[in-house]
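Trainee: May we examine how the terms used for this model are justified?
Mentor: Certainly; please display it.

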Amino acid sequence: MEIAIIGLGKMGANMARRLRKHGHRVVGYNRSPEITRELAREVGLEAAFSLEEAVEKLSSPRAVWVMVPAGAPTEQVVRALGELLTTGDVVIDGGNTFYKDDQRRAATLAEKGIHYVDVGTSGGIWGLTEGYSLMVGGEAEVVERLRPIFEALAPAPDKGWGHVGPVGAGHFVKMVHNGIEYGMMQAYAEGFEIMKSKEAFDLDLHQVAEIWRYGTVIRSWLLDLTARALAEDPDLSDIKGWVADSGEGRWTVFESIDLDVPAPVITLALQMRFVSRQEESFAAKLLAAMRNQFGGHAVKKAK
C-alpha cells in the first residue's frame, strides 16, 4: 500500500521506517528540504518538497497521514489538503488533536467527498521497535481500506490497534488514555519521593523499581521506564522538576466537567504539573502571611 506522511519529525520518521519495513511505499514531506532529503536516504521513502508534490506522487484513492503539532499547524495542513485532494481520498490525523476539531474538519472535507480518519497514536520514541498503539476513529469502510497501514504500525496485526468508533472517537479515547497516564505518573512520582525522603532507610530507589517490575500489582511500562531513568541518574540531578502538558490532560478534565463525571485523580495530577512550573508561588506566600497574621506563626523571609 502507499501513503504520504506529512510532518517527518522523530515520530513521523519512525512510522515511515516501520511502514517501509513492512513493504509499504511511503512518500514523505518535511518543511525542511534538508531533513526530507536525509530521511529519503536513511529510510528509503520518496521525498516530496511540497504538499502538492506529496499528493501528486500518490495514486487515487490517496491516503495522507498528517503528523504535525496539534492546533494551528494541523489546521493549516488539513485545509491545504482539502484543496488538493479529490473525492475518495482520505486525510488521516495521527497527532494529538482535540476530538471536536476532528468532527469539524471531517464535516468540511465530507462536502468535497474527502474522508477523514483520526488516529490517537501512543508509543513515543519506542514505537519504532515496539509498535504503536492506534485508536482509530472514522467510517468503517475507510478504516478497513487502511487496515494494512494500521497492522504494520501496531505491535502485531491483531494487537494494539482498533477501530473504536466514528470520527473523533480515536482522539477522544487517546485523550482519556493520556489523562489516565497523568494520574499513574503522579502516583509513581509521589511514592518514590516518599521513599527518597525516608533518609533513615537509605533506600536504593532503582533497586525498588526493579523489584516492583516483577510480580507486583503496580508493574507497568511506566515503571519500566522509571527504573531505566533511575539507573541512568539515581538522584535525577540533571533534570529540572518542570513538567509540561501537551493538552490531553486538560481536555480530559474539561470533558469530565461537561459529563458530570468525577475525575479527582486526573484533575489533581494536571494541577501538580502546573505547580512544577512555578519558580515561586504567590499562593504559598499568602498562606504563610495569613498564618503569621492570625497565629503569629514564623515566616521565612525572602532573600
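Mentor: The following exchange sets computed values against definitions. This is a predicted model, in which local features need pLDDT of at least 70 and side-chain atom pairs count only at pLDDT 80 or more, while totals for chains, interfaces and linings use all residues. Residues are numbered from 1 along each chain as its sequence is written, and side-chain values use heavy atoms, with hydrogens and water left out.

Trainee: Why does Ser122 count as buried?
Mentor: Buried means under 20% relative accessible area, exposed over 50%, and partly exposed in between (1.4 Å probe, protein chains only). Ser122 has 17% relative accessibility, so it counts as buried.

Trainee: Which residues is Ser122 in contact with, leaving aside neighbours within four places in sequence?
Mentor: Contact means heavy atoms within 4.5 Å. On that basis, Ser122 is in contact with Tyr132, Ser133, Met135, Lys174 and His177.

Trainee: What makes strand 6 largely enclosed by the rest of the structure?
Mentor: Strands are DSSP runs (E, at least two residues), numbered from the N terminus. Seven of the eight residues of strand 6 (residues 115-122) are buried, so this strand is largely enclosed. Ser122 has its place in strand 6.

Trainee: How do you know that strand 5 and strand 6 pair?
Mentor: Two strands pair if DSSP finds at least two bridges between them. Strand 5 (residues 90-93) and strand 6 have four bridges, in the parallel sense. Ile92 stands opposite Val117 in strand 6.
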